[in-house]
Amino acid sequence: LEASRKALTPPMIDGYNAGFLREDASLFVIFLSDEDDKSFGKIRYYARFFETLKGVGNDRLVTVSAIVGADELDLGGGTRGCVSQEAGQLQSAQYGERYIQLAEETGGEWLSICDRDFARSLAELGIQATGLRSRFPISVRPESGVIVTNPG
């Protein structure tokens with residue numbers, strides 16, 4: 001997380017990464033890791049950083065998603081994660097808790113790096129990357145008795 005923050009702030013964003021952040025484009029960040037983030041700082045700090053990259057009030061133009069280890073198994077030594085089998089060998093990934101928290105906090109998606117089939121999950125990430133929304137969370141609680149359904 002800290003590396004991505006540094007890549008999107010001066011001096012990097014004015015040097016090697018000049019032109020990467022375009023005013024007319026959304027920003028879709030996908031973290032891919034087989035271990036959890038080790039950056040210093042709270043997840044809310046990084047969420048606010050990403051949410052304000054496109055300017056105040058434009059937080060929906062930035063989405064963070066993650067392909068990381070799921071918290072499915074005890075991998076030993078107090079470590080949680082997931083396991084998959086590729087080419088006859090077991091592969092493991094530590095639980096990507098911080099990446100998952102950041103994805104959830106910014107309205108992004110996360111999927112397990114141990115999944116055998118990414119088709120549906122990658123399709124969802126593609127929909128998000130193009131700016132199309134498949135989920136529409138309500139911002140206020142509906143008033144009881146106000147909502148009328150159409151029986152037809």
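Arg48 and Glu51 sit three residues apart in helix α2, about one turn of the helix. In this predicted model, the two side chains form a salt bridge, with 3.2 Å between the closest N and O atoms. Their surroundings are not alike: Arg48 is partly exposed at 42% relative accessibility, whereas Glu51, at 12%, counts as buried. The pair also belongs to something wider, since salt bridges with shared partners link Arg44, Arg48, Glu51 and Glu105 into one network.

Another contact in that network runs between helices. Arg44 and Glu105 meet through their side chains in a salt bridge of 2.7 Å, N to O. Arg44 belongs to helix α2 and Glu105 to helix α3, so this pair ties together parts that lie 61 residues apart in sequence. Both ends are partly exposed, Arg44 with a relative accessible area of 37% and Glu105 with 34%.

The whole structure has six salt bridges, and one of them joins Asp37 to Arg98, the closest N and O atoms being 2.8 Å apart. Here the connection is between a loop and a helix: Asp37 lies in the loop between β1 and α2 and Arg98 in helix α3, so parts 61 residues apart in sequence are tied together. Asp37 is buried, at 7% relative accessible area, and Arg98 counts as buried too, at 17%. As a general point, side chains of opposite charge can pair when their charged atoms come close.

Turning to the nonpolar side chains, the largest core counts 19 residues. Leu1, Leu8, Phe31, Phe50, Leu53 and Leu102 are the ones with the most contacts inside this core. Two or more residues each come from β1 (27-32), α2 (43-51), β2 (62-68) and α3 (97-105). Helix α2 gives the largest share, five residues. Phe31 offers a handy view of the packing: leaving aside neighbours within four places in sequence, its contacts include Leu1, Phe50 and Leu102. Phe31 also touches a run of residues from Val64 through Ser65, Ala66 and Ile67 to Val68, and its remaining partners are Ser4 and Tyr99. More broadly, nonpolar side chains tend to be buried together in soluble globular proteins.

Elsewhere, strands β3 (residues 73-76) and β4 run antiparallel and are joined by three bridges. Asp74 stands opposite Arg80 of β4 in this pairing. The two strands make a hairpin with two residues between them, and Gly77 in the turn takes a positive phi of about 65 degrees. On to β5 (residues 89-94): this strand is antiparallel to β4 as well, with six bridges between the two. Within that pairing, Cys82 stands opposite Ala93 in β5.

Cys82 has a second role to report, as half of the one disulfide in the structure. Its partner is Cys114, and the two sulfur atoms are 2.1 Å apart. The link is right-handed, with 75 degrees about the S-S bond. Cys82 lies in strand β4 (residues 79-86) and Cys114 in the loop between β6 (110-112) and α4 (119-129), so the pair ties together parts that are 32 residues apart in sequence. Neither cysteine is out in the open: Cys82 is buried with a relative accessible area of 0%, and Cys114 is buried at 10%.

Note on methods. Residues numbered from 1 in each chain as written. Predicted model: local features only at pLDDT ≥ 70, side-chain atom pairs only at ≥ 80, totals over all residues. Heavy atoms only, no water. Disulfide = S-S within 2.5 Å. Helix = DSSP H or I, 4+ residues; strand = E, 2+ residues; numbered from the N terminus. Buried < 20%, exposed > 50% of the residue type's maximum accessible area, 1.4 Å probe, protein only. Core = buried A, V, L, I, M, F, W, Y, C linked by side-chain atoms within 4.5 Å. Contact = heavy atoms within 4.5 Å. Pairing = 2+ DSSP bridges. Salt bridge = Lys/Arg side-chain N within 4 Å of Asp/Glu carboxyl O.
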